[in-house]
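Here is a short guided tour for anyone meeting this structure for the first time. Have a look at the sequence and the model, and then follow the notes below.

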Amino acid sequence: MELLKNAGLITPVIHSSANGLPLGAGINAKFVKYIFLDSGLLLRLLGLGDTGGTSEISKFILLGTATDLVNKGHITEMVAGLELLKSSIPTQKHDLYYWQNLSRGAQAEVDYVIAKDSDIIPIEVKAGTSGSMKSMYQFMTGKQLDYGIRTSLENFGKLNHIDIIPLYALSNIFHCKINNKGTCSNFI
């Protein structure tokens, strides 16, 4: 895995307790997820696309059928991670982090946790247009956070203190300013 990471074929998403900034100060290296370098190539390797590329990944995520559900959530999460990586500041090294409740028997997980404007922002990725956000609410309550992002196939919106941002627009979160209402002012 280390060789694949050094070659740039996979990117680690490391568990962070997210108790403060920098997020890398609270990592637990025993818990790591990996994302592949390109979603189109991954679909090709999985035998799910004839030509690979952006059009195939768009079809898979946007028009996927019930038979696609086994991989759809993981691939959508990977696409979100790749969007976060490609939209970050290119002159800085950016690591990806996620949060998971490590208590025995707990199953709460937030897909990505980022630092922006000295704030910790949890990001929940959904493959469709619905799904609960119990883990996100648990994380926000436990860390006393007032703002989070849900990215999915839904249109722009807001649910309590959580901005809903379509997957295609996720890369813009680094270019928005979080206002005093806990909203990314460029979106809503």
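Let's begin with one charged pair: Asp163 and Lys158 form a salt bridge, and their closest N and O atoms are 3.6 Å apart. Asp163 is buried, because its relative accessibility is 0%, while Lys158 is partly exposed at 34% relative accessible area. Please keep in mind that this is a predicted model. With that pair in view, we can step back to the whole chain and then visit its parts.

**The chain as a whole**

- The chain contains five helices and eight strands.
- If you walk along the sequence, you meet them in the order α-β-β-α-α-α-β-β-β-α-β-β-β.
- The chain has 188 residues, and 45% of them are buried.
- Among contacts with a separation of 6 or more, 51% are between residues 24 or more positions apart.
- The accessible surface of the chain is about 10400 Å², and carbon and sulfur atoms account for 53% of that surface.

**Salt bridges**

- Side chains of opposite charge can pair when their charged atoms come close.
- How many salt bridges does a search of the whole structure find? The search finds eight.
- One of them joins the side chains of Lys33 and Glu77, with 2.7 Å from N to O. This pair links distant parts of the chain, since Lys33 belongs to strand 2 (residues 27–36) and Glu77 to helix 4 (residues 69–87), 44 residues apart.
- Are Lys33 and Glu77 buried or exposed? Both Lys33 and Glu77 are buried.
- Another salt bridge connects Lys86 with Glu83, where the closest N and O atoms are 3.0 Å apart. Lys86 and Glu83 are about one helical turn from each other, because they sit three residues apart in helix 4.
- The two partners differ in their surroundings: Lys86 is exposed with a relative accessible area of 60%, whereas Glu83 is buried with a relative accessible area of 15%. The cut-offs explain these labels, because buried means under 20% and exposed means over 50%.

**Strand 1 and its neighbours**

- Strand 1 (residues 10–16) is largely enclosed by the rest of the structure, because six of its seven residues are buried.
- Strand 1 and strand 2 run antiparallel and are joined by seven bridges. Within this pairing, Ile14 has Val32 in strand 2 as its bridge partner.
- Strand 1 also pairs with strand 3 (residues 96–100), this time in the parallel sense and over three bridges. Here, His15 has Tyr98 in strand 3 as its bridge partner.

**Helix 5 and its two sides**

- Which residues of helix 5 (residues 134–143) are buried? They are Ser135, Met136, Phe139 and Met140. These residues lie on the same side of helix 5, because they cover an arc of only 130° around the axis.
- On the other side of helix 5, you will find Lys134, Thr141 and Gly142, which are exposed.
- The cover over the buried residues of helix 5 includes strand 3, strand 4 (109–116), strand 5 (119–125), strand 6 (148–152) and strand 8 (162–166).
- Just after helix 5 comes Gln144, which has a positive phi near 55°.

**Aromatic pairs**

- How many aromatic pairs does a search of the whole structure find? The search finds two.
- Trp99 and Phe139 make a tilted pair, with 5.0 Å centre to centre and 55° between the planes. Trp99 is in strand 3 and Phe139 is in helix 5, so this pair ties together parts that are 40 residues apart in sequence. Trp99 and Phe139 are buried.
- Phe156 and Tyr168 make an edge-to-face pair, with 6.4 Å centre to centre and 85° between the planes. Phe156 sits in the loop between strand 6 and strand 7 (157–159) and Tyr168 in the segment after strand 8, so this pair ties together parts that are twelve residues apart in sequence.
- Phe156 is partly exposed at 33% relative accessibility, and Tyr168 is exposed with a relative accessible area of 64%.

Terms used
Residues numbered from 1 in each chain as written. Predicted model: local features only at pLDDT ≥ 70, side-chain atom pairs only at ≥ 80, totals over all residues. Heavy atoms only, no water. Salt bridge = Lys/Arg side-chain N within 4 Å of Asp/Glu carboxyl O. Helix = DSSP H or I, 4+ residues; strand = E, 2+ residues; numbered from the N terminus. Buried < 20%, exposed > 50% of the residue type's maximum accessible area, 1.4 Å probe, protein only. Pairing = 2+ DSSP bridges. Contact = heavy atoms within 4.5 Å. Areas by Shrake-Rupley, 256 points an atom, 1.4 Å probe, with all protein chains shown as cover. Arc of directions from axis to C-beta. Phe/Tyr/Trp six-rings, centres within 6.5 Å; stacked < 30°, edge-to-face > 60°.
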